[in-house]
Amino acid sequence: MFRRRRQVTQETAALSPPPRRPLLWPWLVLLLALVITGIAAAYLLSRDDGTAGAKPRVPAVVGLSTAAATEKLAERGYSVIVRGRVSSGARLGTVLSESPSPGTELDRGGQVTIVVARGPSTVDVPNVVGLSVDQAAVRLRAASLEGRTVKVASAQPNGRVIRQAPPGGRQARKGSTVVLTASKGPTFAKVPPLRGLTEASATATLSRLGFRLSVSRIPSTQPKGIVVSQAPSPGTREPEGSIVGINVSTGGNAAAGGVVMPKVVGLSQAVAVDRIERAGLGVDSYPVKSTRPRGTVVSELPAGGTQVPPRSHVRINVSLGSGARPKRPVPDVFGQAEAEARHALVKAGFTVQTVDQPTSDPAEQGIVVKQTPVGGRQAALGSQIVIYVGRLPAPTG
């Protein structure tokens, strides 16, 4: 009987399937997914170049000199506030801390405060540029500094500080002197008649009177190198240091295959730029002092109705208006097409000059490869922004 039961038990055990082993592949897939997710998160967190829509990140500047830190932050488009702290263990001017902290996402135009080391007998030099001489003196005395004023002719109002040495944010010994360069107001001079002169004679005449020169070259029936037009017109009283534009003949025939320069005086800069571009011409805009409303075109070179070659570059002078000129961030137009960049800057209230930048890369043809000031910097309304546009060399043969 016992033997029979044992036989039945053995048969039952033989018929029962062996226990199933747990499957490993689902766990391996899950582990691989976690690893990939971790790598992607680390990449996104470490990226601070502002591409693909991400905000730029504050760079680490602790340990750098004040000048190096300011330059590094300015490259990201940040404005910098410098504060001092007495420190005996660090070299004077070395950055001790920064706020926001490194790696923080911060839009261009944002402010970063750096604290730099100063000695017990030094103080932070306040920034007094833009203040009146009296206001600047009060600020300097409050910082235990003295001021000495030097006056120069300037387009700025009389008594306004236009430069200082040492500049704001630097360290100086208590009781030392800060030299203030203040405006004694503009000195006006009459714009001379230049039509018919050679370019060299016109340049010498304007330089002697304290004017700056902007030259455009256009085909004309006049001999090569002769001034055929100017702006402002002769007899106009302008501040010394302001720009006088001249058109100089290249000796060709302007009528052959020419394009008529649109009449844009009195229009807004935005409308004028659009009309000139529609005519197949390039355009630079220059800020000028005028009683006309800010942003109004007050003159153009060449004059409206003049025939110029297709794709010529012309110039318009745009009024700065009267009253205060508030500051605003400069749009970042790096990588944009020339016309697109110009319209973005004009829409923001700035004037624009284009400079050709030679390139061998076809992808940079007609594209902004650099701008001054950089995007995010603060600039007064009407200020001229220079864009550098890639140009491939002209084909030979």
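## Helix α5 and what covers it

Let's start with one helix in this predicted model. The buried residues of α5 are covered by a set of neighbours that includes the strands β10 (212-218), β11 (227-231) and β13 (243-249). Which residues of α5, a helix running over residues 199-209, are buried? They are Ala202, Thr205 and Leu206. Looking down the axis of α5, you'd find these buried residues within an arc of 95°, so they line one face of the helix.

Turn to the face of α5 that points away from the buried side, and you meet the exposed residues Ala200, Ser207 and Arg208. Just past the end of α5 sits glycine 210, with a positive phi of about 90°.

## The chain as a whole

Stepping back, the protein chain has 397 residues, and 35% of them count as buried. Its secondary structure comes to seven helices and 23 strands.

How do contacts spread along the sequence? Take the contacts between residues at least 6 apart in sequence: 72% of these join residues at least 24 apart.

## Helix α3, side by side with its strands

Now for another helix, α3 (66-75). Which of its residues are buried? Thr66, Ala69, Leu73 and Ala74 are. Around the axis they cover an arc of only 130°, which puts them on the same side of α3. That buried set packs against three strands: β1, β2 (95-99) and β3 (111-118). On the face turned away from the buried side, α3 carries Ala67, Glu71 and Glu75, which are exposed.

Both ends of α3 have something to look at. At the N-terminal end, serine 65 acts as a cap, with a side-chain oxygen 3.2 Å from the backbone nitrogen of alanine 68. Just after the helix, glycine 77 takes a positive phi of about 90°.

## The second largest pocket

Helix α3 also turns up in the lining of a pocket. Rolling a probe the size of a water molecule over the atoms shows where empty space is left. The second largest pocket holds about 590 Å³ of space. It is lined by 22 residues, and the closest to its centre are Thr70, Ser79, Val80, Ile81 and Val82.

Which elements each supply at least two residues of that lining? Helix α3 (66-75) and strand β1 (79-86) do. By type, the lining residues of this pocket divide into eleven polar, eight nonpolar and three charged.

## Two charged residues in helix α7

Next, look at helix α7, which covers residues 338-347 and includes glutamate 338. Arginine 342 has its place in α7 too. Are they buried or exposed? Glutamate 338 is buried, with a relative accessible area of 14%, and arginine 342 also counts as buried, at 3% relative accessibility. The side chains of glutamate 338 and arginine 342 are joined by a polar contact of 2.7 Å.

Arginine 342 has another such partner: a polar contact of 2.6 Å joins its side chain to that of glutamate 277. Setting aside neighbours within four places in sequence, arginine 342 is in contact with Val273, Glu277, Val283, His313, Val352 and Thr354. Its C-alpha atom is 9.1 Å from that of aspartate 284, although the two residues are 58 residues apart along the chain. Glutamate 338, not counting residues up to four places away in sequence, touches His313, Thr354, Gly366, Ile387, Val389 and Arg391.

## Unusual spots in the backbone

Most residues other than glycine have a negative phi, and most peptide bonds are trans. With that in mind, which peptide bonds leading to proline 166 and proline 373 are cis? The bond from alanine 165 to proline 166 is cis, with omega near 0°, and so is the one from threonine 372 to proline 373, with omega near -5°. Proline 166 is in the loop between β6 (161-165) and β7 (171-173), while proline 373 lies in the loop between β21 (368-372) and β22 (378-380).

Finally, there's serine 144, a residue other than glycine whose phi is positive, near 65°. You'll find serine 144 in the loop between α4 (133-142) and β5 (146-152). At 38% relative accessibility, this serine counts as partly exposed.

Key: Residues numbered from 1 in each chain as written. Predicted model: local features only at pLDDT ≥ 70, side-chain atom pairs only at ≥ 80, totals over all residues. Heavy atoms only, no water. 1 Å grid on protein atoms, 1.4 Å probe; cavity = no way out; pocket = protein on both sides within 12 Å on 5 of 7 lines; lining within 4 Å. Points joined across faces, edges and corners; volume = space filled by probe spheres on them. Helix = DSSP H or I, 4+ residues; strand = E, 2+ residues; numbered from the N terminus. Nonpolar A, V, L, I, M, F, W, Y, C, P; charged D, E, K, R; others polar. Buried < 20%, exposed > 50% of the residue type's maximum accessible area, 1.4 Å probe, protein only. Arc of directions from axis to C-beta. Contact = heavy atoms within 4.5 Å. Polar contact = N/O pair within 3.5 Å; in protein donor to acceptor, adjacent residues only side chain to side chain.
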